[in-house]
Structures are given as structure tokens and as C-alpha cells.
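User: Please walk me through this model. I am new to it, so I will keep my questions short.

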Amino acid sequence: MTAGKRFIYIKTPEQIEKIRESGRLASRTLDYAESVLKPGITTKTLDDLIHDFIVSHNAVPATLGYRGFPGSSCLSVNNEVVHGIPGKRVIKEGDIVKVDVTTILDGYYGDNCRTFMVGEVPELAKKLVAATREALELAIKTVKNGSRIGDIGYAIQSHVRPLGFSVVEQFVGHGVGLEFHEEPSVPHYGEPGKGIMLKTGMVITIEPMINSGVKDVVIMKDKWTALTKDGGLSAQFEHTMAVTDQGADVLTLS
Ligand code: MF3
Ligand code: CO
Ligand code: CO
């Protein structure tokens, strides 16, 4: 998403612990979503379950009503890249489903996404999902006080492009924690050593969207759902993390 603010918050250790609590709930919400994601469920039913899980843990789903978005999660299936609106669509065996959940707990935001494979999925889908998960892990390894935003994108593109996959450029990671989308923007492509320097106390997301075909996306008439332009598959994983002197402290863990 695009962030509006022109400054980057440095969070206190106390704030980071609050973001970690929210991030833990966001991660547990994805664990829960995985447990109920079965062929035959509609995306609306899944979103309702996610809503009730978050609310029953004294938190608020950040996406609900955000710029008019109508869901408590973004549910994007197969060729849908991001921002899928929960609705009548029925999940089938062989689908890959991106579930993106952001919680607000005691005012603090935790943002994460995983791609779930429903039953037996095509070989290409397995490869794409694995490569995307690995790309996020490699990107996280670059993060520490003094590293650069460009190191993140470079790690992602270097992993997925040789496999024949492409990096979506239209949507980026972002600062997060006190607000949903803060500075800086975190592109998932880039040049090593370039871009803003990360500093201890910054909290960011990395959320690569990786396509099996071309990187281009088109937005549906619903004004939200992004689709791959060529109809290919898309996968995404996202974590929220704090920058430390030693490395990334991932805050969206169960
Ligand atoms: N959670 C998404 C992100 O990772 C943002 C969703 S915004 C919405 O940045 F409006 F589509 F819900
Ligand atoms: Co995000
Ligand atoms: Co998200």
C-alpha cells in the first residue's frame, strides 16, 4: 500500500512489545484460518470466522472499513494477487489462498499474510509458494541496523527470477505498528546498498507478491482485487518485524 506520512517512526522497546502482542494474535489468526480452510467453504464464511476470532481476542480487524474495504481479511485466490474481497466464492481442492490479516490490539498493528494450499495443488503452485516463502526468509535475513531497503528487494528478486517467476512492483511493504501503513515503502525489488538505511527501532513489513508469469497486475471492477494480467498464479507471504542491531526481530509469530 502507499503510505502518506513523510517520516519514519522509531519505536520504543515498550511499543515494540505491544506490536509483538498484536503480531502474535495476527499470526494465531492465520493458524486458525488454516485450520478452517477446507474445500467447500466460501471466502465470506472464512472472513466471518476470522472476524469473530479477532474480536473474541479483544482486537479489531484493521482492514474492516479501511478506505472502504469491506472485509476483516484480504482473501485472494489463485490468480488474484492481493486485496481480494471476501464473498460468495467457494474454495476448491487445488486452490492456493492468500490470507492477509492485520490486527489492532490495544491500538497497535500487526500485519501478516500466508499462502495456503488447499489439498493437492499443481506442481507449479507448490514451487511458487515455496519460492515465495523462501524469498521472504532471505529478505528478512538482510534486515539489521545499517542495512538498506534495496537489500530486501534484491534478495527477493535474486531468488525468484532465476526460477522464472516475477516480482509484483505495484504493491509494496511498509512501516507499521502505530498506524496501518507508515513510511517507509518497502519494494520487493531493488539494488543492494541502495535506498533508505534501516535503523534500530524501525518496524516494517516485507510482503513479496510473486507471480508465475508476468509481474503486471490489473484491478477488478470492485476497485480492490488485483489480478495477474496474464492469468498466472500469485503467492504472498508477509511478516511484521522490528529492526535491531543484530538483525530482524520478527513480531508476527505464534
Ligand atoms: N494487509 C494489507 C497489507 O499488507 C493491506 C490491506 S488494505 C485493505 O498492507 F484495505 F485492502 F484491506
Ligand atoms: Co502489509
Ligand atoms: Co497485510
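User: Where is the place of E169?

Analyst: E169 belongs to a loop. Strands (E, at least two residues) and helices (H or I, at least four) are DSSP runs, numbered from the N terminus. The loop that holds E169 runs between β6 (166–167) and β7.

User: What kind of model is this, and which pLDDT do local features need?

Analyst: Residues are numbered from 1 along each chain as its sequence is written, while chains are lettered from A and ligands numbered from 1 in the order of writing. The model is predicted, with side-chain values on heavy atoms, leaving out hydrogens and water; totals for chains, interfaces and linings use all residues, side-chain atom pairs count only at pLDDT 80 or more, and local features need a pLDDT of at least 70.

User: Is E169 buried or exposed?

Analyst: Buried is under 20% relative accessible area, exposed over 50%, partly exposed in between (1.4 Å probe, protein chains only). E169 has a relative accessible area of 29%. That value makes E169 partly exposed.

User: What distance separates the C-alpha atoms of E169 and P187?

Analyst: E169 and P187 are 18 residues apart along the chain. Their C-alpha atoms are separated by 6.9 Å.

User: Which residues coordinate the cobalt ion (ligand 2)?

Analyst: Donors are N, O and S atoms within 2.8 Å of the metal (3.2 Å for Na, K and Ca); water is not among the atoms, so sites may look incomplete. For ligand 2, the distances run from 2.0 to 2.2 Å. Along the chain the donors follow the spacing D-x62-H-x32-E-x30-E. They are D111 (OD), H174 (NE2), E207 (OE) and E238 (OE).

User: How many residues apart are H174 and E207?

Analyst: Among the donors of ligand 2, which follow the spacing D-x62-H-x32-E-x30-E, this pair links distant parts of the chain. H174 sits in strand β7 (residues 173–175), and E207 in the loop between β9 (203–206) and β10 (209–211). Both H174 and E207 are buried. Along the chain they are 33 residues apart.

User: Which protein donors does the cobalt ion (ligand 3) have?

Analyst: The donor atoms of ligand 3 lie 2.1 to 2.4 Å from the ion. The donor residues are spaced D-x10-D-x126-E in sequence. D100 appears twice in the list, which reads D100 (OD), D100 (OD), D111 (OD) and E238 (OE).

User: Which residue bridges the cobalt ion (ligand 3) and the cobalt ion (ligand 2)?

Analyst: The two cobalt ions lie 3.3 Å apart. One residue coordinates both. The bridge is D111.

User: Where is E238, as the partner of D111 in a pair that links distant parts of the chain?

Analyst: In the site of ligand 3, with its spacing D-x10-D-x126-E, D111 is in strand β5 (residues 108–117), 127 residues from E238. D111 and E238 are both buried. E238 is in the loop between β13 (234–236) and β14 (239–243).

User: Which residues are closest to ligand 1?

Analyst: A residue counts as near a molecule if one of its heavy atoms lies within 4 Å. Ligand 1 has 15 residues around it. The closest are T63, D111, H181, E207 and E238.

User: How far does a polar side-chain atom of E207 lie from an oxygen atom of ligand 1?

Analyst: A polar contact pairs N or O atoms within 3.5 Å; within protein, one must be able to donate a hydrogen and the other to accept it, and sequence neighbours count only through two side-chain atoms. A polar side-chain atom of D100 is 3.1 Å from a nitrogen of ligand 1. H174 has one at 3.1 Å from an oxygen. For E207 and an oxygen of ligand 1, the distance is 2.8 Å.

User: Which backbone oxygen does the side chain of T29 reach?

Analyst: T29 lies in helix α1 (residues 13–36). T29 counts as buried because its relative accessibility is 0%. Its C-alpha atom is 9.7 Å from that of D100, 71 residues away along the chain. At 2.7 Å, the T29 side chain reaches the backbone oxygen of L25.

User: Is the peptide bond from E183 to P184 cis or trans?

Analyst: Most peptide bonds are trans. P184 is in strand β8 (residues 182–186). The bond from E183 to P184 has omega near 0°, and is cis.

User: What phi does H83 have?

Analyst: H83 is in the loop between β3 (80–82) and β4 (96–105). H83 counts as buried, at 13% relative accessibility. Though not a glycine, H83 has a positive phi of about 60°.

User: What phi does D106 have?

Analyst: D106 is in the loop between β4 and β5. D106 counts as exposed because its relative accessibility is 55%. D106 is not a glycine, yet its phi is positive, about 55°.
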